[in-house]
Each structure stands twice: as C-alpha cells, then as structure tokens.
Amino acid sequence: MSRDQKFFDMYSLVIGVLAAIALGIFVLVMKVSDLTQGVYTRDTHEYQAAVAERIRPVGRVYLPGEEHEAEAPVVAAAEEPEPVAAAMSGPQVYNSACLACHGAGIGGAPILGDAGQWAPRIEQGIDVLTQHAIQGYTGSVGYMPPKGGRMDLSDDEIAGAVDYMVAESQ
Ligand code: HEC
C-alpha cells in the first residue's frame, strides 16, 4: 500500500511539473505573438494592396466592345545610362595588357625598368614608340602585336602605357 502511495505521489509530482512547463510555454508564446503581431500582420489593407499591385497581370484579354477598359500597360522607361568606360591610366593599361610580355621579356619584349634595353628604343622618340605599340611592330628580336593584342583599348590608352613604360625605364 505504501508503495502505491509513493508511486501516486511521484506521478502527481511529475504531472504537476509537466503541466507547469506547458503553462509556461503557453504564456511565453502568447507574449511573443503579442510583441510580433503588429510587425507581421499580413491582412492589413495596405499590405494586401501592395501585394495585389505586385502580382497584377501585365496584360488582360478584352473582347470587342470592352476597349474602354483597356489601359496601356505601364512600361517603365528604361533609362540605362550609357556605360562610359572610363579610360584606363598608363599603369593600369600596362598591368592589364603589356605586363604579360614586358614584365618578363617574353618573346624578346624589352623589360620594363631595364634602361639598357630601352635606351636605343627611346632614342627613336616617343612618337615612333607609340606608333609601334598601336600598329604593331616587328623588330630585330621579336613581334610586338598591335596594342599588345588588346584592340579594345584606345590609342590614347596605349600612348599612356608607352609613356609610363618609357618613364619607368630610363
Ligand atoms: C605578346 C607579347 C607582347 C605584349 C602583350 C606587348 N608587347 Fe610590346 N613588345 C613585344 C616585343 C616582343 C617587343 C620587341 C619587338 C622588337 O623590337 O623586336 C615589344 C616592343 C614594344 C615597344 C618598343 C617598340 C620599338 O619601337 O622599339 C613598345 C613601346 C611596346 N612594346 C609597348 C607595348 C605596350 C604599350 C603594350 C601593352 C598595351 C605591349 N607592348 C604589349 C611584345 C609584347
């Protein structure tokens, strides 16, 4: 009998604790929903109107005689600014288009900073060097492709790169 009593006491205790926890969770949930309702309420007029506007079909079917209801589809005039590629500076052009050969002397290319290699070339004058860089040039040691193979670069950008290479190699 006393064992039954003990079991019963224990059982009541456990049930009591579980009930208390459940109540605690319930209260917590109520509190949380109280605090967040305002933020996430999706049935307000404004919200519904915004959704309706967003999912509005682009076109509608009209039968003859219903034209008066037709409204021109709203097509936002795309005003994309013309991409104006900013001209690259001399060092930028050098790094992206010339360094591959002129950095290490690939194919006999005069190495940037090597005054000995550049001196006889600089003697020709900057105009000749620029012209050779733009139009391509086959000299005694190898082939310099027009614009280093980067035909997307402007003549001015190439000239800037030549100026930079010459300035760095004196
Ligand atoms: C594919 C390799 C290569 C690339 C890329 C390259 N060059 Fe050259 N360049 C050469 C070679 C090789 C020579 C030497 C040609 C010779 O004198 O025989 C040379 C020579 C030159 C000369 C000297 C021309 C002369 O009259 O002596 C200039 C200036 C020059 N390059 C500028 C440039 C510029 C500016 C770029 C980048 C836009 C560039 N190069 C990219 C290979 C290259």
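This report describes the ligand surroundings and the salt bridges in a predicted model.

## The ligand site

The ligand occupies the largest pocket. Helix 3 (90–102), helix 4 (115–122), helix 5 (126–135), strand 2 (143–144) and helix 6 (155–168) are the elements that each give two or more residues to the shell around the ligand.

There are 28 residues around the ligand, and those that come nearest are Cys98, Cys101, His102, His132 and Met144. Sorted by class, the shell contains 17 nonpolar, nine polar and two charged residues.

## Contacts with ligand oxygen atoms

In the side chain of Gln124, an N or O atom is 3.0 Å from an oxygen atom of the ligand.

Backbone atoms also take part. Val141 has a backbone N or O atom 3.0 Å from a ligand oxygen atom, and for a backbone N or O atom of Ser140 the distance to a ligand oxygen atom is 3.4 Å.

## Salt bridges

Three salt bridges are found in a search of the whole structure. One of them joins Lys147 to Asp155, with 2.9 Å from N to O. Lys147 has a relative accessible area of 11%, which is under 20%, so Lys147 counts as buried. Its partner Asp155 is partly exposed, at 40% relative accessibility.

Arg150 pairs with Asp152, and their closest N and O atoms are 2.9 Å apart. Arg150 is partly exposed, with a relative accessible area of 25%. Asp152 has 56% relative accessibility, which is over 50%, so Asp152 counts as exposed.

Glu53 and Arg56 form another salt bridge, where the closest N and O atoms are 3.7 Å apart. Arg56 is partly exposed, with a relative accessible area of 36%.

Definitions and conventions
Residues are numbered from 1 along each chain as its sequence is written. This is a predicted model: local features need pLDDT of at least 70, side-chain atom pairs count only at pLDDT 80 or more; totals for chains, interfaces and linings use all residues. Side-chain values use heavy atoms; hydrogens and water are left out. A salt bridge is a side-chain nitrogen of Lys or Arg within 4 Å of a carboxyl oxygen of Asp or Glu. Buried means under 20% relative accessible area, exposed over 50%, partly exposed in between (1.4 Å probe, protein chains only). A residue is near a molecule or strand if one of its heavy atoms lies within 4 Å of it. A polar contact is a pair of N or O atoms within 3.5 Å; within protein, one must be able to donate a hydrogen and the other to accept it, and residues adjacent in sequence count only if both atoms are side-chain atoms. On a 1 Å grid over the protein atoms alone, a cavity is a set of points where a 1.4 Å probe fits but cannot get out, and a pocket is an open set with protein on both sides within 12 Å along at least five of seven lines; lining residues have an atom within 4 Å of a point. A molecule sits in a cavity or pocket if more than half of its atoms lie within 2 Å of its grid points. Helices (H or I, at least four residues) and strands (E, at least two) are DSSP runs, numbered from the N terminus. Ala, Val, Leu, Ile, Met, Phe, Trp, Tyr, Cys and Pro count as nonpolar, Asp, Glu, Lys and Arg as charged, and the others, Gly among them, as polar.
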